[in-house]
Amino acid sequence: MYAAFLLLHSWIRWVALAAGIAATVSAVRGVSSREPRADRWGLVLTIALDVQLVIGFLLYFAVSPVMESIRANFAAAMPNPQLRFWAVEHVSGMFVALVIVHVGRVLSRKAVTPASRRRRQMICYGLATLLMMLLVPWPGTAAGRPLFRLFV
């Protein structure tokens, strides 16, 4: 079960990153009232991050043997940068990105003018996407993971 959740979490990250980039670019380029691309991409981003949160919390709290050992001796894991990344930095940073996206969607819906709507989307989606890119365990880093998990 651990491998299946990890595979799903790994693949959905690409949907989330692509949606974040697309939502940010759409907000920067501007949208007409007939074709709200930034709104649609923002919705895809929100859904992808919500799914990622559920799967990530399942990995963090229930099925990951690595996280189980980290949680068993949390204080000993903190001096190790790789374990600290998984135990604290990745999960808290991604949670902040999710909150920023949700706040951005609410703020953009409450905007009075299209320009303020685009500005709010651009700032919130851009910050969230940047944060996600910083906290994805890219290959070649200490917490690196493969770009694509192909098999369970």
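**Close-up views of a predicted model**

Glu89 is partly exposed, at a relative accessible area of 31%. The structure shown in these views is a predicted model.

**View 1. Arg84 and Glu89 form a salt bridge.** The closest N and O atoms of Arg84 and Glu89 are 3.0 Å apart. Arg84 has a relative accessibility of 28% and counts as partly exposed. Its partner Glu89 is likewise partly exposed, with a value of 31%. Side chains of opposite charge can pair when their charged atoms come close.

**View 2. A salt bridge joins the side chains of Asp39 and Arg117.** The N to O distance in this pair is 2.8 Å. Asp39 belongs to helix H2 (residues 37–63) and Arg117 to helix H6 (residues 114–135), so the salt bridge ties together parts that lie 78 residues apart in sequence. Arg117 is partly exposed, with 25% relative accessibility. A search of the whole structure finds two salt bridges; Asp39 with Arg117 is one of them, and Arg84 with Glu89 is another.

**View 3. Helix H1 crosses helix H6.** H1 covers residues 2–29, and its axis comes within 8 Å of the axis of H6. The two axes cross at roughly 150 degrees, which makes H1 roughly antiparallel to H6. The crossing of H1 past H6 is left-handed.

**View 4. Residues of H1 and H6 make the contact between these helices.** On the H1 side the contact is made by Ala16, Leu17, Gly20, Ile21, Ala23, Thr24, Ala27 and Val28. H6 contributes Arg118, Gln121, Met122, Tyr125, Gly126, Thr129, Met132 and Met133. Sorted by class, the contact of H1 with H6 holds 10 nonpolar residues, five polar and one charged.

**View 5. Trp41 of helix H2 touches Ala19, Ala22, Ala23 and Ser26.** These contacts leave out residues up to four places away from Trp41 in sequence. Ala23 is also one of the H1 residues in the contact with H6. Ile21, another H1 residue in that contact, is 20 residues from Trp41 in sequence, and their C-alpha atoms are 8.8 Å apart in space. Trp41 counts as partly exposed, at 35% relative accessibility.

Note on methods
Residues numbered from 1 in each chain as written. Predicted model: local features only at pLDDT ≥ 70, side-chain atom pairs only at ≥ 80, totals over all residues. Heavy atoms only, no water. Salt bridge = Lys/Arg side-chain N within 4 Å of Asp/Glu carboxyl O. Helix = DSSP H or I, 4+ residues; strand = E, 2+ residues; numbered from the N terminus. Buried < 20%, exposed > 50% of the residue type's maximum accessible area, 1.4 Å probe, protein only. Axes fitted to C-alpha atoms, helices over the stretch in contact; angles between N-to-C directions. Parallel < 35°, antiparallel > 145°, perpendicular 65-115°, else oblique. Left-handed = near helix turned anticlockwise from the far one by under 90°. Contact = heavy atoms within 4.5 Å. Nonpolar A, V, L, I, M, F, W, Y, C, P; charged D, E, K, R; others polar.
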